[in-house]
Amino acid sequence: MQSAGDTREQNFFRIWTRKEAFIKAIGEGLSCPLDSFAVSFDRDDAARVVELRGDADAARAWQLHPFQPAPGYAGALAYRGDRLGLRIFPTLASDALMAAAAGATLPRAQENR
């Protein structure tokens, strides 16, 4: 299923970052077959591991948090355990960091639940 306004490229990167986060979390990297598990990809659905080696119950032990590290980029964090509320802080360019140090307003963190 594709969300309104999504492109194939956006869906690809959404799936890729979620799968990459998962294989890094389990420590297997690309030695883990990417077809051995499935992740949600619709931007309107909660990010999650849908199936893990054919087992939906095992998949529920994993959490996925998507985030946008910069405009036009996709990222994801994966971990096993109870879902945590995460705050993801934006990366500041050196000029923005200097302005922040001089007292300018910092960008707000993204809230993920």
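Asp-57 is exposed (over 50% relative accessible area, 1.4 Å probe, protein chains only), and Arg-60 is exposed as well. This is a predicted model, where local features need pLDDT of at least 70, side-chain atom pairs count only at pLDDT 80 or more, and totals for chains, interfaces and linings use all residues. Residues are numbered from 1 along each chain as its sequence is written, and side-chain values use heavy atoms, with hydrogens and water left out.

**Exercise 1. Find the salt bridges and place their partners.**

Step 1. Set the rule: a side-chain nitrogen of Lys or Arg within 4 Å of a carboxyl oxygen of Asp or Glu. The count comes to 3 salt bridges.

Step 2. Take Asp-57. Its partner is Arg-60, with the closest N and O atoms 2.0 Å apart.

Step 3. Take Glu-28. It pairs with Arg-53, at 3.7 Å between the closest N and O atoms. This pair links distant parts of the chain, 25 residues apart. Glu-28 sits in the loop between H1 and S1, and Arg-53 in the loop between S2 and helix H2 (56-59). Helices (H or I, at least four residues) and strands (E, at least two) are DSSP runs, numbered from the N terminus.

Step 4. Take Lys-24. Its side chain meets that of Glu-20 in a salt bridge (3.3 Å, N to O). The two are 4 residues apart in helix H1, so about one helical turn separates them. Lys-24 is exposed, because its relative accessibility is 58%. Glu-20 is partly exposed (the range between under 20% and over 50%), at 26% relative accessible area.

**Exercise 2. Describe helix H1 and what it packs against.**

Step 1. Check the length. H1 (residues 8-25) has 18 residues and reaches 26 Å from first C-alpha to last, close to the 26 Å expected at 1.5 Å a residue. The expected span is 1.5 Å times one less than the number of residues.

Step 2. List buried residues (under 20% relative accessible area). Among them are Asn-11, Arg-14, Ala-21 and Phe-22.

Step 3. Find their partners. The buried residues of H1 pack against strands S1 (37-39), S2 (49-52), S3 (62-67) and S4 (75-80).

Step 4. Zoom in on Arg-18 of H1. Arg-18 is buried, because its relative accessible area is 3%. Leaving aside neighbours within four places in sequence, its contacts (heavy atoms within 4.5 Å) include Val-39, Phe-41, Leu-64 and Ala-76.

**Exercise 3. Is helix H3 buried or in the open?**

Step 1. Count. Of the 8 residues of H3 (residues 94-101), the number buried is 0.

Step 2. Conclude. H3 therefore lies largely in the open.

Step 3. Look just past the end. Gly-103 takes a positive phi of about 110 degrees just after H3.
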